[in-house]
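I opened this notebook to keep track of what I look up, one entry at a time. The plan is to begin with a single residue and then turn to charged pairs and packing.

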Amino acid sequence: MDEMTDDTQHELSPLDRKITDVFPQHTVRKDLVGDIKGNAVVPTYVLEFLLSQFATTTDALSIESGVKRVQEILAQHYVHRDEATLIQSKIREKGHYRIIDKVQVTLNERLDRYEASFSNLNIRQVVVDPEIVKKNEKLLVTGIWCICRIGYAYTGEKDEVPWRLDSLKPVQMATDDVHNFIEGRKSFSTEEWIDLLMQSIGFNPELFSDRAKLLLLVRMIPFVERNFNVIELGPKGTGKSHIYSEFSPHGMLISGGEISVAKLFVNNATGRVGLVGFWDTVAFDEFAGRSKKAGKELVDIMKNYMANKTFSRGVEQIPGEASLVFVGNTDHDVPTMLKHSDLFEALPPQYHDPAFLDRIHAYIPGWEFEQIRSEMFTDGYGFVVDYLAEVLHNLRDLDYSDRFNPYFELSSSLSTRDKDGIRKTFSGLMKLVYPSGEASAEQIEPLLRLAIEGRKRVKDQLCRIDTTMTAVDFAYTKVGSETPIAVKTFEEIDYPKLYWRQHTDDDESNETIPEGVLPETEEQQTTQAEENPSAAQPTLSTMERKQALAKPGEVTLEENDRGWSYNKLFGPYVAGAKYLELTDPYIRVSHQMRNLAEFLEMVRNNADPHQPVHVHLITKEDGDVYRAKQQLEMFAQLKHNYVQMGIELTFAFDDAIHDRELRTDTGWKISLGRGLDIFQRYSDKDWLNPETRIQQMRRIKSCTFIYRRDDDVLTGKEMQN
C-alpha cells in the first residue's frame, strides 16, 4: 500500500486523522463510493471491497489513482444487463474472462452436479466444483456477489453447457480481526467512536443529534446480536432499509415484505433450509400495508422461530441464528395513530397480532428520523463496510446482556419477554459502542435507557391492542438505591393524553403539539397583564412583575422533557441585574459556546434596556493547545458581538472549579446541575430545524436547579476584581 502522506486536496478532520492512524488498513474515504458507482447497481460493500484493495490511504495522488483503477475494473468486468451478450462474446473469443456478478447455485439432481446462474450475465447451468459450494454455502440460498473467472469450451456434445466456472472469490472479508478492533477502540472517546460508526455507514455525524446516532446504531444491532427481532415503522425516505441492503454481505433484504415458508425456513419437499439458516440478518422491506396478506402457516412458524430460535423440518427441529427485521411506512403521524388506533396500525392484519408483536424485542421510532438529504452523507473516513460487517459477525459470539447488572436492576414487574428484549437490545448496543464489554455506570445508563424504551414502545402498544395484557413498570434502580427511575417513550412525553387514554371512536380530543412545548413566556404573561389591568397590579413596572416571579426553591428537569428554556429557568432571577457571575467549567467547544450566546441573549431580554449588563464567566481552559486557541477566538467573537447589545462579557480561567452556579447583584444564587449544557444534542447545522431557534422544542438532559437568596450580595466591584 502507498505510504500515507498529508492529503493536500481533502483536509482531514482530527477524527479522520485518528481513524486513519489507528486503523490504516481498514478505512476508506466514504464519498469515493459515489464517485465510482456510476450506473453500476451493486451494493456499497462490493464497491468498498474494491476500494480497500486500491484506495485505502489518505494520500491524494494514491486515492486518485486507486479510484481510477476501481473505475477501470468496474468498466471492464462489472456486467450490465444490457451488455450481457457483449460479455458473453468476449468470454467466447478470449476463452476466459473475469467478471463481477451475483451468483446463485442450484443442485441438478438429474445430472448430480451443481450449476450456477449469473444474475446480470444471464447464463445458467454453469457447472460448479462441489468444493466451491462447500466453502460458500450461501451460493445455494439467494446468491452472493463474486469476482469470477468464466471459461468457454464448446465440444458439440449433447446437452453440453460450454460455460465453465474456473474460479470464484466472494466479495466479503474472511479475516477475524475482533482483537485489533477492540484494541483500536481504546484510542477513541465514546463520542468519537460513535461518530466513526456513523461515518462508516456513510452519514455525517455533525448533522445528527446524540439520540439520532444511537437510534441509527439500533438499526445495526441485528448484525451483531443473534436472534434479535426489531421493527421500524415511519415515514418514507428516512433510510429504513438502506443499511440492510448495502451494509453487510451477511444481510439479506427481502423486497415487498412477502415470502414463502419454503424460502424463509425450509422446503419440506427437498429438505433445503431457507434464508434463516444462512444469513445473520433477514430484513423484510415494505412490511407494512393493510392490504398485504400472509399465510397463517408462515405467521405461526415465524412466531415459533422468534420465540424459540428454531423451526421444524418434519419432526426435526432446526436451530437458526438469523435476526429478523421488519421495516415499513406509516400512513399517519404519531398523534393520529395514538388517537385512532396504535403505533402498529400500518401492519397487515395477520401481523397485527399480540402473539406476534410480543416477540419483537425493540420498536425503532422511524418518525424521529429526518428525510435523507444529500448533505447528510459524509466525505470523511470510516471502516470499509465489509471489514466492519465481518467484525460484527464475529462479535455475535459474545453476550453482554448482563453488563449492567453491577450497576442497575430492572423492575421486578417486567415479564420474561420484556427483560429478554431489553437485555438483547442492550447487549447489541454494548458490542457496538463498547466492544470490549467494559464501561462505567455513566456510560452504560443511556444504553440501558434506550433498550428499555425500545421494548416499552412494543409493550405499551400491546396493552392497547390486547386489553387482557397487564401493563408493567418500565423502570430500573441503581444498585444500592430503592428509588426507581422510570423510562418513558418520547410519544408518551409529547402526547400524554393520547398515549394513555382509552380510545373511543367518538372522542374528538387531540393534541396538535407536544404538551409543554412553546409555553407562555414571562414576556407573554407580562403583555397579557398589561392588556388586562385586573390580572396584574397597575402600580408594578414590567421589570418588577418579572422579578416577582422569582422564588426560592428547586426545579428538577426530567430526561427527554421538552418545554424548557433559559428564559423560563433564569429570566425572573436575572431581571434587572447589572452584574452576573456564571461559573461553568465546560464552556469550550462550539455547542457550549452557542449555549453561552443564548444565555447572553436571555440576559439582554430581561435587563433594563437603558443599562449595560456585565456578565463574568469563570470556566476551565481547554487542555488541547489547538482547541484552547479556538476557545479564545470564540470568546473574542462573543465579546465583540454582544457588547453591541449592551452586554459586557469578561472571562477568567480557573482549573480548580467543579461546581456550576449563577450569582447576581440582585441577591440570587442558583446552583446549576449541568451548567448551561441542559439540552440534548440536535442537528444545529440544519437551519430549517426549529430546534435551532426555539429552545422549548429541544429535548432536555436530566438536571436540577436550586434557587436561593444570597445574603452576601455580589457587587460590580467584586466582579471586576
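Where is aspartate 584 found? I located aspartate 584 in the loop between strand 21 (579-583) and helix 23 (590-605), and I note at the start that I am reading a predicted model.

**Entry on aspartate 584.** I looked up its surroundings next, leaving aside residues up to four places away in sequence, and found that aspartate 584 touches Leu617, Ile618, Thr619, Lys620, Ile657, Arg660, Arg674, Gly675 and Leu676. Aspartate 584 is buried, yet it has no salt bridge. The nearest side chain of opposite charge belongs to arginine 660, and I noted its distance as 4.0 Å.

**Entry on salt bridges.** I reminded myself that side chains of opposite charge can pair when their charged atoms come close. How many salt bridges does a search of the whole structure find? The search gives 42 of them, and I followed up three pairs and one network.

For the first entry I took aspartate 195 and lysine 213, whose side chains meet in a salt bridge at 2.6 Å, N to O. This pair links distant parts of the chain, since aspartate 195 sits in helix 8 (residues 190-200) and lysine 213 in helix 9 (residues 210-224), 18 residues apart. Are these two partners buried or exposed? Aspartate 195 has a relative accessible area of 10% and is therefore buried, and lysine 213, with 2%, is buried as well.

I then looked at lysine 303 and aspartate 353, whose side chains form a salt bridge with N and O 2.6 Å apart. Lysine 303 lies in helix 12 (residues 296-308), while aspartate 353 belongs to the loop between helix 13 (334-340) and helix 14 (354-357), so the pair ties together parts that are 50 residues apart in sequence. I checked the accessibility here too: lysine 303 is buried at 15% relative accessible area, and aspartate 353 is buried at 19%, a value that still counts because buried means under 20%.

My third pair is glutamate 581 with arginine 663, a salt bridge in which the closest N and O atoms are 3.8 Å apart. Glutamate 581 is in strand 21 and arginine 663 in strand 24 (residues 661-664), so that I again have a link between distant parts of the chain, with the two positions 82 residues apart. Glutamate 581 counts as buried at 12% relative accessibility, and arginine 663 is buried with a relative accessible area of 14%.

Besides the pairs, I wrote down a network of salt bridges that links Arg211, Glu368, Glu453, Arg457 and Glu491.

**Entry on the cores.** Which residues have the most contacts inside the largest nonpolar core? I listed Leu51, Leu217, Met220, Phe247, Leu392, Leu432 and Leu448, in a core of 94 residues. Helix 9 supplies the largest share of this core, 10 residues. Apart from it lies another core of 69 residues, including Val103, Leu165, Val266 and Leu338.

**Entry on helix 9 and helix 15.** I looked up how these two helices lie, and found that the axes of helix 9 and helix 15 (residues 385-395) come within 8 Å and cross at roughly 65°. Met220, Phe223 and Val224 in helix 9 meet Leu388, Leu392, His393 and Leu395 in helix 15. Sorted by class, this contact has six nonpolar residues, one polar residue and no charged ones.

Technical notes. Residues are numbered from 1 along each chain as its sequence is written. This is a predicted model: local features need pLDDT of at least 70, side-chain atom pairs count only at pLDDT 80 or more; totals for chains, interfaces and linings use all residues. Side-chain values use heavy atoms; hydrogens and water are left out. Helices (H or I, at least four residues) and strands (E, at least two) are DSSP runs, numbered from the N terminus. Buried means under 20% relative accessible area, exposed over 50%, partly exposed in between (1.4 Å probe, protein chains only). Lys and Arg count as positive and Asp and Glu as negative; His and the chain ends are not counted. Contact means heavy atoms within 4.5 Å. A nonpolar core is a set of buried Ala, Val, Leu, Ile, Met, Phe, Trp, Tyr and Cys residues joined through side-chain atoms within 4.5 Å. Axes are lines fitted to C-alpha atoms, for helices over the stretch in contact, and angles run from 0 to 180 degrees between N-to-C directions. Ala, Val, Leu, Ile, Met, Phe, Trp, Tyr, Cys and Pro count as nonpolar, Asp, Glu, Lys and Arg as charged, and the others, Gly among them, as polar.
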